[in-house]
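This report covers the two-domain arrangement of one chain and the surroundings of one residue in it. The sequence and structure come first.

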Amino acid sequence: MPLEPVAQLLPAVVDLPFREGYVRSIIFVSLYVSVTAVTLSTLFSLPIAFVMGFTDFRGKQFVKSVINTGMGFPSVVVGLVVLFAVSNQGPLGALELIFTTEAMIMSQFVLATPPITAVSLAAITGVSDNVRDAAHVLGGTRLDVALVVVKEARYGIATAVLAGFGRAISEVGSVLIVGGNIVSSSGISKTRTLTTAIQLEARQGQYDTAMVLGAVLVALVLTVNAIVVRLGDEGVMQ
Amino acid sequence: MSIQRRQFIAAIGGGALAGIAGCSGTGGQAQSDNGSSAGVAGETLTLTTTTSTYDTGLLDAIHPDFEEMYGVTVDAVAQGTGAALESARNGDSDVVMVHARGLEDEFMRNGYGINRRDLMFNDFVIVGPESDPAGVQGMSSATEALTTIAEAEATFVSRGDNSGTHTKELNLWDAAGTDPGGDWYQETGTGMGEALNIANQQGAYTLSDRGTYISQRSEIDLVILVQGPIEGGPEILANPYGIMAVNPGVHDNANYDLAMAYIGWITSPGAQDAISNYQMNGEQLFFPEAVSENPDFQQYVPEGWSSDSGDE
């Protein structure tokens, strides 16, 4: 697990007033929720981006503007909507998802999907027509052309996924509402993420520890970005 | 790490099944690998409570005892009294621990809460800068102090978040016959810790529960200007905490058995001792009041309720 060494380094750098395993477990919950949500968002968004990038249909501009609007959804509002859905009184109430990581994944899915769709669509439509024509002229089928375009657009798609991940992992409003910021009494996080932990520290006026946790969050996002970029580079060499 | 990995696998399994669309209740299963054989073992009790009980660390300190006794997990969600009651009203929690009797009574009258007990108390204090620009130091009346602050238009930071402390503050203004407003009265909409910090930075007055103030005193310059009843101040600044189960007749998914087990445990002599032994910076934060030789029937019903008065 790649986060293990990162988490173990931490207490050596700063003396945090937390119990053993606490910081590690909130990093884990943050990553688990955001990575799952972004994976699901990507699986949902890419087909949409492909369809929109390769076909023309009535109302395409309208769908585009809906997606672009989605990028600006305030996370608190998304949290309230998901809360309404998963609350005992809501349509999904019987599933008892309130205050669980599943509910947090749902809200982050809603938040991450618009940026992933919009940025990958831009990447796909941005592939020059020359490339498409060349692939076509060389005898490629529709599928071959599509594969070439995807290969050309892979950096843009990686950026899209990172944009979605960045939005998901740095978001505090909705996960606080639907997750409840719960830590077990043994100090292991159940639904507390780095962002909600920062919010809790700030609420108590512990700005120092809040800053340290903020630095952890930034380091985590940097690490994930570096890994994704690295994967992209290896793809080039093959 | 191995425990976490197991949780991870369980969570991945659960998450993959649940996904986004066809979610099933996986929350309970993740905790089911518990060795205990009690009938409730592995269940989860959701407690919505106020920031003051949670942020002072009290719940983390006393919950392991209950969790061990029953082999269960307590999910404590710190929301502030208004939000904690709202979550319970929506059936999203099993038991509530809050500190605003008026709101608790309304909750009971509406049928959402049952089996209320007085749990513990501490008190509120009026804190402010040492320079005390309005001159309220040592006043024996909280309402008089607030009126003086209002007349001097000295900056006052209000929680403004429908929490128990905010409710108490509004009641105090009401009792003082003053309607606060103007540039000097700032509603922050934050938790107590943040409100104390804002007051600290602005050299402002604010109303705080004693527990949160003590837990933060080392980091701020605010001092207690009007004491609460624990230190001989006016009774109006008392801060009693109550606990209630969510009515399973209204929300049939509420874990009523476990909620009552929790209420039974936390009002027992053992847990009450643990509350009274809990200290921060060498000071006792909460004073238990559930164990008493004399009956106090008013703790079970909305304040002032009597079967004779035909109040319904």
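In chain B, the C-alpha centres of domain 1 and domain 2 lie 26 Å apart. The model is predicted, and local features need pLDDT of at least 70, side-chain atom pairs count only at pLDDT 80 or more, and totals for chains, interfaces and linings use all residues. Residues are numbered from 1 along each chain as its sequence is written, while chains are lettered from A and ligands numbered from 1 in the order in which they are written.

The domain bounds, which come from an automatic or database domain assignment, and the numbers of residues in contact across the boundary are tabulated below. Two residues are in contact if their C-beta atoms, placed from the backbone, lie within 7 Å.

| Domain of chain B | Residues | Residues in contact with the other domain |
|---|---|---|
| Domain 1 | 37-122 + 240-304 | 21 residues |
| Domain 2 | 123-238 | 19 residues |

On the domain 1 side of chain B that touches domain 2, the elements giving two or more residues are helix 2 (51-55), helix 4 (81-89), helix 5 (101-109) and strand 4 (113-128). Helices (H or I, at least four residues) and strands (E, at least two) are DSSP runs, numbered from the N terminus. Helix 2 of chain B gives the most to this side, with 3 residues.

Ala142(B) is found in helix 6 (residues 142-152) of chain B. Ala142(B) counts as buried because it has 25 C-beta neighbours inside 10 Å; the cut-off for buried is 20 or more other C-beta atoms within 10 Å, with C-beta atoms placed from the backbone. Leaving aside neighbours within four places in sequence, Ala142(B) is in contact with Ile126(B), Leu172(B), Val226(B), Pro234(B), Ile236(B) and Leu237(B).

Conventions. Buried ≥ 20, exposed ≤ 12 C-beta atoms within 10 Å, placed from the backbone.
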